[in-house]
Amino acid sequence: MAAHDSRANPVPAGSTDTNAAGPVPASAIPGVGHSGVRELRGPLLVLGDAEGVGWDEFATVAVSGQPDRHGLVLEVDGDETTLQVLEGTEGMSLGGIEIRFSGRPLAVPAGPGWLGRVCNGRGEPLDGGPPVTGGTPMPVGGWPLNPVYREPPQDPVLTGISAIDALTTLVRGQKLPIFSVPGLPHLTLATQIAAQATTSSGRAFRVVFAAMGMTHADIAFIRDRLEERSAAGELVLLLNAADDPVIERILTPRIALTVAESLAYDHGSDVLVVMSDMTSYAEAVREVSAARREIPARRGYPGYLYSDLATLYERCGRVQGREGSVTIVPVLTMPAGDITHPVPDLTGYITEGQVVLDPDVDARGIYPPVDELSSLSRLMRSGAGKGRTREDHLDVAAQILSAMARARSAAELAELVGTAALSETDNAYIEFRNVVEHDLLNQGRDELRTFDETMARAWQALSLLPRRELNMLSAEFLDKYLPGPEGGASL
C-alpha cells in the first residue's frame, strides 16, 4: 500500500482528465444530458430521474442563453439528485437547463504550477495569467490518510513572531488555530506568519494562503503583504471574496489543501496552509445546510459541522516515507468573543492548541495582542528544545508563563490596595509583566525577529525578577544566559 493513496489513482478509470484548474468545459464532459430540473432552491438545484449519479460527482450545468455553470452532487435520494451550483442559481429558471455529469469528483491539477499564482476560490486565475496546468488531476475532497502511515509532528516552524516562537511554538505537521474577535488584527497576523515563516529542515518551504469571505479591501491588503513571497515563487493565493458565490467558499480550503498535499508529499516541500476566516467557511456550510432543509443543531449550524471541519484539519501532518509536511494555521473570529461558540469550540476539539487574541491586550497597544495565558501549543515539546530550537527554550517558556500568571494576580491585587501596599517582589512581577508585553510580545507588523533575538528579550525580562523566583530554570542556564551581575538580578 502506498503511503498516501491519493497518489496512486486520483481519478477513476475511464474518466476524462483535465490539465487546467477549475471547471471543465461542457464540450469536454462525456455523458448524457439531463433536463428534468424540478426545483431551484438558493444555491441548490434539484434534478429528477437521473440514473447512475454518484455523491460528490462533478457536473456541468448548461443554461440556455447563458455561460455554462458547474455543480457538485450533494445528495442522491430515490429519483432525486441535489446539486450545489458553484456560481449560484440566480437568473436561472426551470426550463432550458441541461445537466451533464462527468463520472468523477471535482479535480484540480496538482503540482508546482500553482506557485506564484493568484486565483479565486475555485482556482481560476486572478493575476491575468493562463489557467494552472500540468500535474495529475487530484480530487479536491482529498483522501483519508491511513493513521498507520502518520508520523508525529516534530521540528519547529519559526514565524519570526516572538509571541508564537517563544511561548506557543508551531510544529511542523501541527494544526494550530488563531482565535480572534472581530476588529482585532488577526488578518495582519495571518499574513505576517505567511510572509515570514520558515523551517530549518533544509527542504523547500511553501505557503498556501486560503482567504474566505474577504472584503475587496482585505484581498488587496493580502496581495500587497504577500507580494514578495509570491514573486519568489513560494506562495499560492486562493482568494474568495464576500460577494463570491457561497459554494465557492466551501471549495476554497479543499483546493488549498489539495495543492498543499501535492507540494508536500509528491515534491518534498514543507508546506504551511493559512486559512482565514474559518467562521466565514462555517457560515457557508450553515447556509447550504439551511437550503437543504436539514434539521439545525447548535445555533443553526448542521450537526455534522464537527466532522466537516475535521475533514479539513486532519489533512495536515507528516507521512512515513515522504519528505514533506503539511502544517495548518486556521484563523477564526469568535462572534462576540464567545470561545464556546460552535466554530471555536469544535475547532478546539480537533486541533492541537490555540493562539488567542485578546481585546484588552490590543487596547494596551500591543501587537500581536496575544493572551499568553489562554494560548497553548500542545505539541510544543515535539518542536522545541535542544537540537530543535535551543536548549533553554522550554524552561524559559515555562518560567515566563508561570511568572505572568503571578504578575496577573499581583496586578489585580494592586487595583484593590494600590501598588504601595504590595511587596517588593510583587512590584517586580508587575514590572516584569510590562517588560514582557512591551519588549518581548510587542513587535512591528513587518518585523522579523530571529529566534536568538526572541530568547535574548525573554532573558532580559526574566532578569527583572529575583533569582530565587526563577525556580524553573537550572543554575547552569541562569549562569549562562541571565543578564546582570553574577548571572542574575538581585533585590
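**Exercise 1. Find which residue classes make up the lining of the largest cavity in this predicted model.**

Solution. Start with the residues themselves: the lining consists of Thr159, Ile164, Leu170, Leu176, Ile178, Ile193, Val329 and Val355. Next, sort them by class. Ile, Leu and Val count as nonpolar, whereas Thr falls among the polar residues. The result is seven nonpolar residues, one polar residue and no charged residues. For the volume, the largest cavity comes to about 40 Å³. A search of the whole structure, with a cut-off of 30 Å³ or more, gives three cavities.

**Exercise 2. Describe the largest pocket by its volume, its lining and the elements that supply the lining.**

Solution. The volume of the largest pocket is about 820 Å³. Its lining has 30 residues, and those nearest the pocket centre are Trp55, Asp56, Arg254, Asp308 and Thr311. Then look for elements that give two or more residues to this lining: they are strand β5 (69–77) and the helices α5 (246–266), α6 (278–291) and α7 (305–313). Of these, α7 gives the most, with four residues. Finally, divide the lining by class: 18 residues are nonpolar, five are polar and seven are charged.

**Exercise 3. Work out which element gives the most to the lining of the second largest pocket, and how the lining divides by class.**

Solution. The second largest pocket has a volume of about 210 Å³. List the lining: Gln192, Ala195, Gln196, Arg225, Leu226, Glu228, Arg229, Glu234 and Asp446. At least two residues come from each of α2 (186–196) and α4 (227–231). Matching residue numbers to these ranges places Gln192, Ala195 and Gln196 in α2. Helix α2 gives the most, with three residues. By class, the lining holds five charged, two polar and two nonpolar residues.

**Exercise 4. Decide whether valine 417 is buried, partly exposed or exposed, and place it in the structure.**

Solution. First locate the residue: valine 417 lies in helix α11, which covers residues 393–417. Its relative accessibility is 47%. Buried requires under 20% and exposed requires over 50%. Valine 417 therefore counts as partly exposed, because 47% lies in between. Now turn to the surface around this residue. Val417 forms a nonpolar patch with Leu413 and Leu416, and together the three have about 300 Å² of accessible area. A patch residue needs over 30% relative accessible area, and the 47% of valine 417 satisfies that condition.

How values were computed:
Residues numbered from 1 in each chain as written. Predicted model: local features only at pLDDT ≥ 70, side-chain atom pairs only at ≥ 80, totals over all residues. Heavy atoms only, no water. 1 Å grid on protein atoms, 1.4 Å probe; cavity = no way out; pocket = protein on both sides within 12 Å on 5 of 7 lines; lining within 4 Å. Points joined across faces, edges and corners; volume = space filled by probe spheres on them. Patch = residues over 30% accessible without salt bridge, like charges linked within 9 Å, V, L, I, M, F, W, Y side chains within 5 Å. Areas by Shrake-Rupley, 256 points an atom, 1.4 Å probe, with all protein chains shown as cover. Salt bridge = Lys/Arg side-chain N within 4 Å of Asp/Glu carboxyl O. Buried < 20%, exposed > 50% of the residue type's maximum accessible area, 1.4 Å probe, protein only.
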